[in-house]
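User: Could you take me on a close tour of the N-terminal part of this protein? I would like to see how its strands are arranged and what ties that part to the rest of the chain.

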Amino acid sequence: MKLTDFLLASIACASVSASPCSNASPMQVHLAYAGSTGMTVSWNTYSKLQHPLVRFGNHPDALVHEASSDVSVTYPTSTTYNNHVKITGLKPDTLYYYQPQCGNASQIYTMKTAREAGDKTPFTVAVGGDMGLMGRDGLTTSTGPNGGKAPLAPGDNNTIQSLQSMKAQWDFFWHPGDIAYADYWLKEEAQDFLPSNYTVADGQRLYETFLNEYFDEMTALTVDRPYMVGPGNHDSNCDNGGTTDHGVSYNISICPIGQTNFTGFQNHYRMPSNESGGVGNFWYSFDHGMVHFIQLNTETDLGNGFTGPDEPGQSEGMNSGPFGSYPNQQLDWLKKDLQSVDRTKTPWVIAAVHRPWYVSAKNISSTICTACKDVFEPLLVEHSVDLVIQAHTHYYERNQPLNNTVIDPAGLNNPKSPWYITTAAAGHYDGLDSLVYPLQPYVAYAQDTAYGWSKISFHNCSHMTHEFVASRNNTVLDTATLFKDRVC
């Protein structure tokens with residue numbers, strides 16, 4: 001950036017910010033696709049920006065273009081403001097250099113727009129659900145003496161480190177729910193993991209501290225790769241709405257504002273719902289090359305009669321949503337979205353949900369979402385969705401293609417039913433869950449001892465490979481390739 005540009009940026013920051021520019025320095029920068037010709041740049045500041053601005057261009061010394069917005073939002077207990085600027089009119093699959101408002105001369109980052117629908121170039125994406133804070137206040141090499149399990153072994157990489165070391169291999173990171181686990185401050189205190197004795201009154205401060213630590217850690221990934229997210233139960237409640245842990249009993253009344261009703265989740269992200277006709281960060285879709293990606297909401301707005309106390313987000317006492325303007329809005333949107341897919345351009349259709357309905361776990365409402373299955377599965381089958389990514393249960397499980405619990409006889413050789421994979425072993429303080437044995441008859445491979453993430457490679461219109469990568473050393477623990485009989 002030229003000195004004159006830097007001086008102009010400093011003047012602009014001082015004039016639009018309520019505080020000096022030092023309080024408006026960008027942090028926690030993250031990207032999200034906004035169609036193949038757009039990108040949303042988001043970042044946090046300690047002070048409000050009247051008109052958040054991003055400078056960008058095709059060369060780091062020529063940030064000759066600007067985009068701005070009036071979106072600098074916060075909530076009562078937050079320590080920062082969330083700034084969002086959508087840049088439009090970009091070229092698909094093109095590298096740009098950008099700088100959020102009040103960045104210094106060394107803070108020039110890169111972003112690459114989505115591949116245009118119909119682009120047949122092979123590519124890879126990274127996927128992992130249920131990933132929380134790593135390090136001193138989260139998943140580390142120790143746990144609390146009164147609880148906790150499955151710490152990292154000394155010398156192990158955590159999932160954020162693993163993703164960063166392999167970042168050159170994937171285009172974006174997809175996180176289908178349960179982000180940061182900042183609500184675990186109370187569990188960590190009850191289990192004597194935190195170094196000081198905190199009380200419920202400290203919850204707001206600890207929650208925001210943990211949340212900001214997570215976003216800081218993720219910046220290494222999200223500053224130059226889109227971070228596509230979906231809603232999970234821990235994004236709307238405090239540890240599933242309440243529990244008793246080592247003599248400490250609590251319910252949703254102790255939740256910080258940011259953790260209730262998806263408040264922090266709604267403030268921090270801007271997913272491409274406007275571009276796809278969806279709603280907020282809750283349900284949306286986007287194209288990237290030869291794939292149509294769909295994010296669904298299994299917490300609220302299920303539709304088909306599953307409303308109020310019958311929804312997961314209500315039945316667990318979380319008092320979340322609805323977010324649509326009428327009960328069947330998400331389901332109607334999904335029908336329309338699937339009907340509009342041009343399989344000549346995007347032959348692959350991949351959906352992600354947080355709560356699973358095919359998984360080797362106890363059949364309880366907090367684990368297996370039978371309502372989600374009843375609502376979504378018929379449409380996913382009808383429209384030949386290729387893969388459904390599930391999360392919520394903290395392990396990795398690869399299933400066979402399924403339709404109403406029946407295994408597709410073709411297996412992975414041109415099945416008619418969607419392939420189901422649960423990838424929720426990314427890791428957080430609480431560790432991994434245990435698989436329930438005997439495993440369900442549809443399970444092809446499962447493991448509950450290693451933290452890791454999914455690497456999905458689209459080779460062409462007919463072959464897609466899924467790999468489960470162990471975060472500790474980047475080894476591949478499981479791999480399988482799906483074949484669809486399509487002419488490329």
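**The N-terminal strands and their links**

Analyst: Happy to. One open sheet here has four strands in the order 1-2-6-5, and the pairing is antiparallel. Its edges are strand 1 (27-33) and strand 5 (71-73); each has a single partner strand, so one side of each is left without a neighbour in the sheet. From one strand to the next, the twist averages 20°. Please keep in mind that this is a predicted model.

The stretch you asked about can be placed with the help of a record. In an unreviewed UniProt entry, residues 26-113 carry the annotation "domain: Purple acid phosphatase N-terminal". Over residues 26-113 the chain is 49% strand and 0% helix, and the C-alpha atoms at the two ends are 21 Å apart.

Let's look at one edge of that sheet in detail. Strand 5 pairs with strand 6 (residues 81-87) in the antiparallel sense, over three bridges. Within this pairing, V73 stands opposite N82 of strand 6. As a reminder of what holds such partners, strands of a sheet pair through backbone hydrogen bonds, either parallel or antiparallel.

There is also another open sheet to consider. Four strands make it up in the order 4-3-7-8, again with antiparallel pairing. Strand 4 (65-68) and strand 8 (109-112) are the edge strands, each pairing on one side only. The twist in this sheet averages 35° from one strand to the next.

At the strand 8 edge, strand 7 (residues 95-100) and strand 8 pair in the antiparallel sense over four bridges. One residue to pick out is K112 in strand 8, the bridge partner of L95. K112 also has a side-chain role: with D93 it forms a salt bridge, 3.6 Å from N to O. D93 belongs to the loop between strand 6 and strand 7, while K112 is in strand 8, so this pair ties together parts that are 19 residues apart in sequence. D93 counts as partly exposed, with a relative accessibility of 28%, and K112 is also partly exposed, at 41%.

Now for contacts that span longer stretches of sequence. A search of the whole structure gives 16 salt bridges, and one of them joins E275 to K86, with the closest N and O atoms 2.8 Å apart. Because K86 is in strand 6 and E275 is in helix 6 (residues 273-276), the pair ties together parts that are 189 residues apart in sequence. Both ends can be described in terms of exposure: E275 has a relative accessible area of 36% and is partly exposed, and K86 is partly exposed at 38% relative accessibility.

A further link involves R115, which forms a salt bridge with D171, the closest N and O atoms being 3.0 Å apart. R115 is in the loop between strand 8 and strand 9 (123-127), and D171 is in the loop between helix 2 (159-165) and strand 11 (173-176), so the pair ties together parts that are 56 residues apart in sequence. Is R115 buried or exposed? At 10% relative accessibility, R115 counts as buried, because the cut-off for buried is under 20% relative accessible area.

Strand 6 and helix 6 come up together once more when we turn to empty space. The second largest pocket has a volume of about 340 Å³. It is lined by 21 residues, and those closest to its centre are Y269, R270, M271, S273 and N274. Strand 6 and helix 6 are the elements that give two or more residues to the lining of this pocket. Thus the two elements joined by the salt bridge between E275 and K86 also contribute to the lining of the second largest pocket.

For contrast, here is a space enclosed within the protein. The structure holds four cavities of 30 Å³ or more, and about 190 Å³ of space lies in the largest cavity. Of its 24 lining residues, Y207, L211, F215, G264 and F265 are the closest to the centre. Strand 12 (179-180), helix 4 (203-222) and helix 5 (263-268) each supply at least two residues of that lining, and helix 4 gives the largest share, five residues.

Note on methods
Residues numbered from 1 in each chain as written. Predicted model: local features only at pLDDT ≥ 70, side-chain atom pairs only at ≥ 80, totals over all residues. Heavy atoms only, no water. UniProt positions renumbered as here; feature names shortened; annotations may be inferred. Pairing = 2+ DSSP bridges. Axes fitted to C-alpha atoms, helices over the stretch in contact; angles between N-to-C directions. Salt bridge = Lys/Arg side-chain N within 4 Å of Asp/Glu carboxyl O. Buried < 20%, exposed > 50% of the residue type's maximum accessible area, 1.4 Å probe, protein only. 1 Å grid on protein atoms, 1.4 Å probe; cavity = no way out; pocket = protein on both sides within 12 Å on 5 of 7 lines; lining within 4 Å. Points joined across faces, edges and corners; volume = space filled by probe spheres on them.
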